[in-house]
Amino acid sequence: MGRSRKRKPLFEQVEITDVAAEGKALARIDEKVLFVQHAVPGDIVDVQVNKKRKNYYEGYVTQYHKKSEIRIAPFCSHFGICGGCKWQPLPYSEQLKYKQREVASNLQRIGKVELPEISSIIPSKKTQFYRNKLEYTFSNKRWLESDEMQLEEDSLERNGLGFHIPRMFDKVVDIKKCYLQEEPSNSIRLAIRKYALENGLSFFDIRKQVGFLRTLIIRTTSSGEVMVIVAFYHEDVEKREGLLNHLKTQFPQLTSLMYVINEKANDTIADQDIICFSGRDYIEEEMEGLKFRIGPKSFYQTNSEQAHELYKITRDFAGLTGNEVVYDLYTGTGTIANFVAGKAQKVVGIEYIPEAIEDAKVNSANNNIANTHFYAGDMKDILNEDFIAENGRPDVIIVDPPRAGMHEDVVKTILKTSAPKIVYVSCNPATQARDLNILNEKYSVTQIQPVDMFPHTHHVENVVCLERK
């Protein structure tokens with residue numbers, strides 16, 4: 001006998017009072033917290049619970065009795081199904097308010113350190129078409145809209161090219177127009193979909209691991225360069241060349257047209273050979289006269305304009321005079337290292353991924369920057385006394401770790417260096433706060449500047465300056 005499942009409650013006339021972590025709306029029921037998707041503070045709604053835990057519920061709206069006065073109409077037709085841009089019903093000014101509060105809450109609650117006043121969050125100038133990279137998935141079982149459910153199976157086109165639906169690894173919403181990336185992004189995606197359907201190219205079935213077309217990556221730069229990478233599940237020279245030649249003809253402005261044959265079970269292409277079909281095997285972004293080469297595997301901040309704001313704050317917080325030895329940990333392709341090099345005596349970049357370090361060296365060479373030194377390897381192994389003796393003791397350490405924050409060993413190594421100043425750039429204020437708590441042994445937080453890189457999402461970047469006590 002299977003365990004009997006109790007029917008989960010439906011709560012009626014619930015007033016949404018706040019926004020919680022991860023962008024979910026929040027209400028309180030029976031002294032428990034209720035998290036609700038796609039609601040806005042001030043809404044009065046019925047909520048069907050789909051997750052019940054000891055201290056909280058999670059649910060979705062089944063009916064709106066009163067819509068909040070601050071609520072605005074979502075601008076995208078895919079809102080509510082596609083997992084992106086979840087905060088569209090919330091005015092941008094309100095989004096910024098909640099992001100600012102999230103930074104303060106994390107630093108106080110998790111960091112538990114003395115804090116200066118937090119500067120007002122820097123808004124993104126663009127709130128639409130702000131991303132320079134999107135990844136789409138081909139699927140032979142696209143998500144069906146409710147009005148399509150009644151139609152005969154034979155009359156439905158089941159192939160789709162778009163984004164994975166949250167928590168459904170095998171369902172993809174077929175995107176008509178995405179507001180995240182400027183043209184020619186939408187036109188390229190629609191042209192590929194049309195060509196594939198007209199020429200009988202099979203879309204991937206992630207469960208059965210069959211099909212020809214797998215993923216599509218489009219990268220753009222603020223100067224108008226465009227890179228397209230098509231991932232195929234297996235080689236078929238005639239079909240592959242047919243599609244790629246069609247793209248080359250339709251979009252002569254493409255800077256880089258690349259492809260990869262990915263026969264693995266997962267979609268990641270970081271470990272695959274990516275082949276240049278036409279054009280260059282990189283595109284270039286420009287910032288303050290510096291050119292940054294972006295290859296198919298390169299990491300680059302996905303909001304180029306706000307990345308410039310982020311790096312300016314980092315440079316300002318570092319307070320460089322031209323005499324400092326700067327360590328840039330988690331340097332990636334050396335963007336920050338090269339950006340601050342003009343105001344430092346020497347910049348030492350460390351990064352785990354060898355290909356990224358090669359990109360960083362190329363970026364320095366292309367910009368005639370001679371005072372950067374890059375090393376590939378695990379931070380906690382490389383950054384020791386011998387390394388410091390060879391490269392000089394750092395006056396400023398800049399860190400920009402992934403979402404998980406810094407490894408505890410790296411934090412301890414930083415403490416040992418006793419650098420006078422640390423600038424900590426973070427895409428996750430919760431893990432940043434955890435690390436600040438450990439650094440508090442020797443460092444005080446002196447400046448805090450949140451930056452919004454991702455409008456209509458709950459994500460927020462934060463830059464903190466720490467000085468030795």
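## Asp400 and its surroundings

Let's start with the company Asp400 keeps: beyond its neighbours within four places in sequence, Asp400 is in contact with Gln301, Leu329, Tyr330, Ile336 and Val425. This is a predicted model, and in it Asp400 sits in the loop that links β19 (396-399) to α9 (408-417).

Asp400 is buried, yet has no salt bridge. The nearest side chain of opposite charge belongs to Arg403, and that is 10 Å away.

## The sheet from β18 to β21

One of the contacts of Asp400 is Leu329, and residues 325-329 make up strand β16. That strand belongs to an open sheet of seven strands, which you can trace in the order β18-β17-β16-β19-β20-β22-β21. The pairing is mixed. At the edges are β18 (372-376) and β21 (443-451), each of which pairs on one side only. Neighbouring strands here are turned by 15° against each other on average, with direction ignored.

For a detailed look, try β16 and β17 (residues 346-351), which run parallel and are joined by five bridges. Within this pair, Tyr327 has Val348 of β17 as its bridge partner. Helix α1 (residues 92-111) packs on the sheet, where it touches β21 and β22 (461-468). The direction of α1 makes about 160° with that of β21. Helix α6 (residues 354-366) also packs on the sheet, touching β17 and β18, and its direction makes about 170° with that of β18.

## The sheet from β9 to β13

Another open sheet has seven strands in the order β9-β8-β7-β10-β11-β12-β13, again with mixed pairing. Its edge strands are β9 and β13 (275-279), each pairing on one side only. From one strand to the next, the twist averages 30°.

Strand β8 (residues 160-165) is a handy place to zoom in. It pairs with β9 (residues 168-174) in the antiparallel sense over four bridges, and His164 has Val172 of β9 as its bridge partner. The hairpin of β8 and β9 has two residues between the strands, and Arg167 takes a positive phi near 60° there. Strand β8 is also joined to β7 (residues 133-139) by three bridges, and these two strands run antiparallel. Here Thr137 stands opposite Gly162 in β8. Helix α2 (residues 185-198) lies across β7, β8, β9, β10 (213-220) and β11 (226-232), running at about 160° to β10.

## The hairpin of β14 and β15

Strands β14 (residues 283-287) and β15 (residues 290-294) run antiparallel, with five bridges joining them. Glu285 finds its bridge partner in Phe292 of β15. Two residues lie between the strands of this hairpin, and Glu288 takes a positive phi near 50°.

The side chains along β15 alternate. Leu290, Phe292 and Ile294 point to one face and are buried, while Lys291 and Arg293 point to the other and are not.

## Gln48 in strand β5

Is Gln48 of strand β5 (residues 44-52) buried or exposed? Its relative accessible area is 15%, so Gln48 counts as buried, the cut-off being under 20%.

The side chain of Gln48 has a polar atom 3.3 Å from the backbone oxygen of Pro9. Not counting residues up to four places away in sequence, Gln48 touches Lys8, Pro9, Leu10, Glu58, Gly59, Tyr60 and Thr62.

How values were computed
Residues are numbered from 1 along each chain as its sequence is written. This is a predicted model: local features need pLDDT of at least 70, side-chain atom pairs count only at pLDDT 80 or more; totals for chains, interfaces and linings use all residues. Side-chain values use heavy atoms; hydrogens and water are left out. Buried means under 20% relative accessible area, exposed over 50%, partly exposed in between (1.4 Å probe, protein chains only). Lys and Arg count as positive and Asp and Glu as negative; His and the chain ends are not counted. A salt bridge is a side-chain nitrogen of Lys or Arg within 4 Å of a carboxyl oxygen of Asp or Glu. Contact means heavy atoms within 4.5 Å. A polar contact is a pair of N or O atoms within 3.5 Å; within protein, one must be able to donate a hydrogen and the other to accept it, and residues adjacent in sequence count only if both atoms are side-chain atoms. Two strands pair if DSSP finds at least two bridges between them. Axes are lines fitted to C-alpha atoms, for helices over the stretch in contact, and angles run from 0 to 180 degrees between N-to-C directions.
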